[in-house]
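Colleague: Could you take me through one part of this model in close detail? I would like the contact between one helix and its partner across the chains, then its setting.

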Number of protein chains: 2
Amino acid sequence: VAALGERLLIERIRARIPPLGAPEVGPGDDAAVLGSIGPHALLAVDMLVEDVDFELTWASGADVGWKAMAVNASDIAAMSGTPRCAVASLCLPAAAELELVDGIVDGMLDAGRRWGAALVGGDLSGGPTLIVTVAVVGESAAPVLRSGAGPGDVLCVTGALGGAAGGLLSLRNRPHADDLPPAELRLRARLLRPSARIEAGLALAEVAVAMIDISDGLAVDLGNLLDGSEWGCTVDPAAVPVDPDLAILRDARGAPVDAFALALTGGEDFELLVALHAEDVDTAAAAVRAVGLDLTPIGTVHSGGRMIGDKDLDDIRRLGWEHLRAT
Amino acid sequence: VAALGERLLIERIRARIPPLGAPEVGPGDDAAVLGSIGPHALLAVDMLVEDVDFELTWASGADVGWKAMAVNASDIAAMSGTPRCAVASLCLPAAAELELVDGIVDGMLDAGRRWGAALVGGDLSGGPTLIVTVAVVGESAAPVLRSGAGPGDVLCVTGALGGAAGGLLSLRNRPHADDLPPAELRLRARLLRPSARIEAGLALAEVAVAMIDISDGLAVDLGNLLDGSEWGCTVDPAAVPVDPDLAILRDARGAPVDAFALALTGGEDFELLVALHAEDVDTAAAAVRAVGLDLTPIGTVHSGGRMIGDKDLDDIRRLGWEHLRAT
């Protein structure tokens, strides 16, 4: 599967799945809409794999558990939903310490409390590596899909981008540093303890035309938002909100990092990318500000090509995070 | 974690999870009841790990996909529920063949169609070994819990036991045999293509006092049914329905296998173990027969110890399947 890569494999899998009759929505959105269970029920699943999504040299069990819950809550946020219940599946190597398992459970519970998801069940198995899979059921009064953006819509993002990728660089370059400046600690927290933008997603429910969470980098997820439509976009590079904490970061050789590149192609910020009618942008920004976040217009949807500044989105997209890529 | 073992680790994890307020039920049952989503919504999750739950030398991708869906549907069956929707999480080694992935997806879709679960989404990751995790959302008009059996109740099982364990022996002893008698092929199918007893679970909904699916062997799951209560049981060994196809099976040295031991401690038959008031047994058996299965009384619940014949249940229980056991 490595030769094909994640995106094409997902397309291949999706082509095998017969179209769902109403009232279900899925696959292909952040979460599925379970029309047969209730008009507003949502279901998402996400898995974290040791040495792919995290390393135990720099992530604690509690970090892993928190994140496994948070990334699913983020999928629910991207539907303008609220998490309600979660189940977890743990694959544990025989040598795993009990304290590691305790930490994972506590991290899941902490994140579940933060966003309203009760841990209602799960499954354990032995296996060669630590894998934490969480599935979350949520609810939304009016689920916002990925699809639906059209010409004239304004693209906006919550918060700032690139911080989680900066945190990963920091952890890899200086795993054992214990005298880090606050900005670098915040970058690490962006990676290790991500926030799901539940409140922002709810604030956007009335006006969002299309929405996705930015888990694989702005370039990849902007592509995902527009895929399946005939529309293009122009993003103003100067408008993209870059995490200000990245200014402090140096690479392994001591040079400043390319913060803008991290903002475009770094994954795991779990901010929301939303398309809005132009006349709704001010209202939406005020609503998001009321829950403590900025909402920044970064570009527009139109009938032309897909560009970030003078670069083709698809060229940048290939630099984003992709599972299964042969390296 | 290997020193503690699966059962004690589950107890340890459960102790960390604060009691759920109504309307949720979970963890600790076959599936959780998601009261906040709807009075009848159920959620289950189960994972299959390569070389723990299956080997690709004897299971095809379609077998693995079918089983990943079926074991979750079985959890829904044990709540007297009907599957509705499912999401799947695939962890794929880079060297995995595309045809393997196609087979897994097709197997999940086939089993989903059989029991009414639409595949509505999923997640892909790279990793060191093949792992398929499925979460199923279902519905039940009146969910039957594991707990609730009391003195005087009659314990009954659907179908016959031990066949899946026999199928595993057959596959391990003669992986490449191509001239197998029909009985041995049926044993293999019990393991590779298990049935979820959805129709039987629904037929029992009105009268079942407590119910569980037999995934880890009769001894283990009978213990699970009674754990948390103060009650004991007596099971009549002669009454336990042993899969008749086991009569044909020989072990690696050509000796007949101990079919009764497989029926008690072999896992993965996915039959239902149900407690009924004595006066409801005939009605229940007729209802289950109407959907094509036998329902066999095997013992009673009482205030004494837990015995299968003259043996202590807990002694036999230790021989049942347990993930994470140090071997």
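Modeller: Start with the residues that touch. This is a predicted model. From helix H3 of chain A, the contact takes in A:Leu98, A:Glu99, A:Val101, A:Asp102, A:Val105, A:Asp106 and A:Leu109. Facing them in H1(B) are B:Leu9, B:Arg12, B:Ile13 and B:Arg16. By class, that contact of H3(A) with H1(B) holds six nonpolar residues and five charged ones, with no polar residue.

Now the geometry. The axes of H3(A) and H1(B), residues 6–16 of chain B, come within 10 Å. They cross at roughly 35°. The crossing of H3(A) and H1(B) is right-handed.

H3(A) has a partner inside its own chain too. That partner is H2(A), residues 61–77. The axes of H2(A) and H3(A) lie 6 Å apart, and the packing angle is about 35°. This crossing is also right-handed. H2(A) brings A:Gly61, A:Ala62, A:Gly65, A:Trp66, A:Met69, A:Ala70 and A:Ala73. Among the H3(A) residues they meet are A:Leu100, A:Gly103, A:Ile104, A:Gly107, A:Met108 and A:Ala111. A:Asp110, A:Arg114 and A:Trp115 of H3(A) are also part of this contact. Its residues divide into ten nonpolar, five polar and two charged.

Next, step back to the two chains. In chain A, 68 residues are in contact with chain B, and 68 residues of chain B are in contact with chain A. The chains bury about 5400 Å² between them. Carbon and sulfur atoms account for 73% of that area. On the chain A side, A:Val1, A:Ile37 and A:Leu124 lose the most area to chain B. Together they make up 12% of what that side buries.

Charge pairs cross the interface as well. There are six salt bridges between chain A and chain B. One of them joins B:Asp106 to A:Arg16, with the closest N and O atoms 2.7 Å apart. Between the chains, 14 residue pairs are in polar contact, counting pairs with both residues at pLDDT 80 or more.

Which elements of chain A give two or more residues to the side that touches chain B? Helix H1 (6–16) and helix H3 (98–115) do. So do strands E1 (24–25), E2 (32–34), E3 (41–49), E4 (82–92), E5 (118–126) and E6 (131–139). E5(A) gives the most, with nine residues. By class, this side of chain A has 42 nonpolar, twelve polar and 14 charged residues.

Definitions and conventions
Residues numbered from 1 in each chain as written. Chains lettered and ligands numbered in written order. Predicted model: local features only at pLDDT ≥ 70, side-chain atom pairs only at ≥ 80, totals over all residues. Heavy atoms only, no water. Contact = heavy atoms within 4.5 Å. Buried area = accessible area lost by both parts, 1.4 Å probe. Salt bridge = Lys/Arg side-chain N within 4 Å of Asp/Glu carboxyl O. Polar contact = N/O pair within 3.5 Å; in protein donor to acceptor, adjacent residues only side chain to side chain. Helix = DSSP H or I, 4+ residues; strand = E, 2+ residues; numbered from the N terminus. Nonpolar A, V, L, I, M, F, W, Y, C, P; charged D, E, K, R; others polar. Axes fitted to C-alpha atoms, helices over the stretch in contact; angles between N-to-C directions. Left-handed = near helix turned anticlockwise from the far one by under 90°.
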